[in-house]
Amino acid sequence: MTPARPLADHGTLSRYKHHGCRCETCCSGYRAYQRTTRRRRGYGTWQPFVDAEPVRQHIITLHNAGMSYASIAKAAGLYEATVTGFIYALSAKDPRKEKATPDIANSILAVAPDPMLSGWIDATGSRRRIQALAAQGWPMPSLADPIGINACSVNRITRQVSVFTSTARAVLDVYNTHSAASPQEHGIPMWKSDRARREAQTKGWPDPLWWEDMGHIDDPNFDPATAEAAASRNDVAALRRAEIEHLASYGYEAEVIAARVGMHVTSTRVILAELRTGQRRDRSKAAA
């Protein structure tokens with residue numbers, strides 16, 4: 001369904017022509033427009049269109065500052081297709097705009113960059129957060145709507161060098177809520193979660209608990225592979241134990257937890273029993 005054209009003010013040509021308003025203010029405005037048009041034509045100064053290049057460059061500037069074409073159109077009170085038509089051809093019969101009406105040009109040129117957006121930033125933190133959520137069992141497409149982007153863009157972020165500040169902020173918000181939640185509680189089938197975890201394990205993506213312990217999730221100079229290799233056996237055991245405790249707090253069964261952390265079910269049950277009783281078994285006696 002085609003959205004309604006944004007409602008212009010009374011007395012404007014748009015309100016009269018595109019919205020069919022015939023109030024006295026709009027009729028007076030339309031008559032004034034007709035008189036001005038005839039007078040300028042008589043003087044040879046009538047200029048119904050202006051060069052689109054300044055408009056195009058302004059749109060590019062706004063887009064590079066972090067504003068989407070949809071947000072630019074909304075700020076200008078225009079259709080998104082009107083704005084994108086200055087950037088690329090919409091179809092074979094609708095080439096890229098080379099001219100614009102003064103009203104449209106002025107509306108777009110009046111749009112200022114959103115002060116909440118500061119352009120592009122390093123994508124390291126966003127990439128690692130999405131990968132960590134995948135390691136926790138969140139399929140990447142399931143993160144699209146919460147972040148506010150399409151499904152293809154979620155995977156694309158994991159390959160980008162930089163992202164919009166607004167996107168990084170959205171990824172951070174989703175990470176903060178989803179890393180403490182169960183995918184199944186949000187309608188994600190277990191088989192999809194298992195597939196996401198297997199892919200993450202194959203690619204060596206740490207999960208949120210690992211990043212919580214290690215830190216440096218936004219640091220592009222921090223190498224998770226090196227940090228993991230440098231961790232001692234006791235450090236790894238402590239991290240795994242903490243992860244088991246974290247998963248158990250959400251009510252997961254021992255079998256599910258064992259599959260998540262890559263341990264034998266029996267060993268997982270022992271640790272769960274120790275967590276419930278608060279007493280740890282003597283490993284030296286158990287080994288003997």
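Modeller: A quick definition to start: a salt bridge is a side-chain nitrogen of Lys or Arg within 4 Å of a carboxyl oxygen of Asp or Glu. Keep in mind that this is a predicted model.

Colleague: Okay, what makes Glu255 and Arg269 a salt bridge?

Modeller: Their closest N and O atoms are 2.5 Å apart, and the cut-off is within 4 Å, so the pair counts. This one links distant parts of the chain, with Glu255 in helix α15 and Arg269 in helix α16, 14 residues apart.

Colleague: Why is Glu255 called partly exposed?

Modeller: Its relative accessibility is 41%. Partly exposed runs between the buried limit, under 20%, and the exposed one, over 50%, so Glu255 falls in between. Arg269, at 42%, gets the label partly exposed too.

Colleague: And Asp194 with Arg197: how do you know that they are separated by about one helical turn?

Modeller: Because they sit three residues apart in helix α11. They form a salt bridge as well, with closest N and O atoms 2.5 Å apart.

Colleague: Why does Arg197 count as buried?

Modeller: Arg197 has 12% relative accessibility, and buried means under 20%, so the label fits. Asp194 has 27%, which is over that limit but not over 50%, so Asp194 is partly exposed.

Colleague: Back to α15: what puts Ala254, Ile257, Ala258, Arg260 and Val261 on the same side?

Modeller: Those five are the buried ones in α15. They cover an arc of only 160 degrees around the axis, so they lie on the same side of the helix.

Definitions and conventions:
Residues are numbered from 1 along each chain as its sequence is written. This is a predicted model: local features need pLDDT of at least 70, side-chain atom pairs count only at pLDDT 80 or more; totals for chains, interfaces and linings use all residues. Side-chain values use heavy atoms; hydrogens and water are left out. Buried means under 20% relative accessible area, exposed over 50%, partly exposed in between (1.4 Å probe, protein chains only). Helices (H or I, at least four residues) and strands (E, at least two) are DSSP runs, numbered from the N terminus. The arc is that of the directions from the helix axis to the C-beta atoms.
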